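The report that follows describes a single protein chain for a reader who will want the criteria stated beside the values. Please keep the sequence and the model in view while reading.

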Amino acid sequence: MRLATWNVNSLTARLPRVTEWITQQQPDVLCLQETKQADEKFPAAAFTDLGYQSAHHGEGRWNGVALISRVGLTDVTRGFATPEDEHGARCVAATCGGVRVYSVYVPNGRSLDSEFYGYKLAWLARLRAVLDAAHGPGGPVAVCGDFNVAPDDGDVWDPAAFVGLTHVTEPEREALRHVMAWGLEDVFRRFNPPGVFSWWDYRGGDFHQGRGVRMDLLLVSGDLAERACGAFVDRDARKGQKPSDHAPVVADFGDT
């Protein structure tokens with residue numbers, strides 16, 4: 001099973017790149033974030049033509065998440081219990097190939113003195129509560145997406161450049177650890193050292209100069225983690241004309 005996550009920063013702008021990438025990399029399940037589409041505009045037919053089912057949760061101009069699967073897609077849930085919990089269209093889940101997969105787009109937080117920073121911490125707490133309520137012991141689970149948190153200092157190009165900014169604060173990292181303490185592993189870390197990034201600012205040539213952040217995560221339950229046989233960031237998808245500022249993150253899993 002090949003599982004991937006990608007913040008595409010507007011599916012409207014980047015659909016040809018996404019379908020081309022699917023054709024090249026053949027993911028079994030692809031989690032998308034920042035589709036920036038309403039549900040009625042989501043191009044399900046483009047994925048159907050490639051042999052994939054899809055589920056989308058979007059509001060139009062902002063946010064938006066999707067699941068694309070060629071190994072089945074059932075029991076779809078969109079969002080949290082109430083819009084107040086969600087702060088936009090930021091979570092969609094389904095069972096794909098026997099795995100309960102979540103595609104999530106965690107709020108950015110904006111700045112440490114912003115109310116959105118509080119929303120971000122509350123959102124991560126709500127995600128943990130959803131996992132607690134929905135899943136008992138056993139059964140494979142994958143929570144994938146743009147978490148807008150660098151798990152540790154090895155996930156940013158220069159920790160000193162991020163002092164006083166979001167994405168790296170201890171409360172954010174602790175909130176992420178609380179989600180992972182449900183029983184999830186950052187499987188990318190099994191195969192990659194610090195200093196491998198998934199996001200680079202468009203400005204200042206950051207991509208070419210290696211000034212990036214790893215905030216796109218594949219968090220999987222222990223039974224899945226034990227089956228993992230590799231993980232990588234597809235940097236090539238960050239190149240070329242009008243790329244997203246994120247690259248896809250991919251993990252491969254063998255049979256039980």
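## A loop residue to begin with

In which loop does Lys-242 lie? Lys-242 is placed in the loop between strand 13 (228-233) and strand 14 (249-253), where helices (H or I, at least four residues) and strands (E, at least two) are DSSP runs numbered from the N terminus. Its phi is near 50 degrees, a positive value in a residue other than glycine, and Lys-242 is exposed, with a relative accessible area of 67%; here buried means under 20% relative accessible area, exposed means over 50%, and partly exposed lies in between, with a 1.4 Å probe and protein chains only.

## Basis and confidence

This is a predicted model, in which local features need pLDDT of at least 70 and side-chain atom pairs count only at pLDDT 80 or more, while totals for chains, interfaces and linings use all residues. Residues are numbered from 1 along each chain as its sequence is written, and side-chain values use heavy atoms, with hydrogens and water left out.

The protein chain averages a pLDDT of 96, and 98% of the residues score at least 70, pLDDT being the predictor's confidence in each residue on a scale from 0 to 100. Among the elements of the chain, the lowest mean pLDDT, 68, belongs to helix 3 (residues 83-86), and the highest, 99, to strand 2 (residues 29-33).

## The sheet that holds strands 13 and 14

Strands 13 and 14 belong to an open sheet of 6 strands with the order 3-4-2-1-14-13 and mixed pairing, two strands being paired if DSSP finds at least two bridges between them. Strand 3 (53-57) and strand 13 are the edge strands, each pairing on one side only. From one strand to the next the twist averages 10 degrees, with axes taken as lines fitted to C-alpha atoms (for helices over the stretch in contact) and angles running from 0 to 180 degrees between N-to-C directions.

Strand 13 and strand 14 run antiparallel and are joined by 5 bridges, and Ala-231 has Ala-251 in strand 14 as its bridge partner. Helix 1 (residues 11-25) packs on this sheet, touching strand 1 (2-7), strand 2, strand 4 (65-69), strand 13 and strand 14, and its direction makes about 160 degrees with that of strand 1; contact means heavy atoms within 4.5 Å.

## The sheet from strand 5 to strand 9

Another open sheet of 6 strands has the order 5-6-7-8-12-9, again with mixed pairing. Strand 5 (74-78) and strand 9 (184-186) stand at its edges with a single partner strand each, so one side of each is left without a neighbour in the sheet. The twist averages 20 degrees from one strand to the next.

Strand 6 (residues 91-96) runs antiparallel to strand 5, with 3 bridges between them, and Ala-93 in strand 6 is the bridge partner of Thr-77. Strand 6 is also antiparallel to strand 7, to which 6 bridges join it, and Val-92 stands opposite Ser-103 in strand 7. The hairpin of strand 6 and strand 7 has 2 residues between the strands, and in it Gly-97 takes a positive phi near 60 degrees. Strand 6 is mostly covered, with 5 of its 6 residues buried.

## Helices 4 and 5, and Glu-172

Helix 4 (residues 115-134) lies across strand 6, strand 7 (99-105), strand 8 (141-146) and strand 9, running at about 165 degrees to strand 7. Helix 5 (residues 170-180) lies across strand 9 and strand 12 (216-221), at about 125 degrees to strand 9.

Glu-172 lies in helix 5 and counts as buried at 0% relative accessibility. Leaving aside neighbours within four places in sequence, the contacts of Glu-172 include Tyr-117, Lys-120, Asn-148 and His-167. His-167 is found in the loop between strand 8 and helix 5; it has a positive phi of about 85 degrees although it is not a glycine, and it is buried, with a relative accessible area of 11%.

## Rings and charges

A search of the whole structure finds 5 aromatic pairs, counted when ring centres of Phe, Tyr and Trp (its six-membered ring) lie within 6.5 Å, with planes under 30 degrees apart called stacked, over 60 edge-to-face and the rest tilted. One of them is the edge-to-face pair of Trp-200 and Phe-207, at 4.9 Å centre to centre and 85 degrees between the planes. Trp-200 is buried at 1% relative accessibility, and Phe-207 is buried at 5%.

The charged end of Arg-110 sits over the ring of Phe-116, 3.7 Å from its centre, the criterion being NZ of Lys or CZ of Arg within 6 Å of the ring centre and within 35 degrees of the ring normal. Arg-126 lies over the face of Phe-80, at 5.7 Å from the ring centre.
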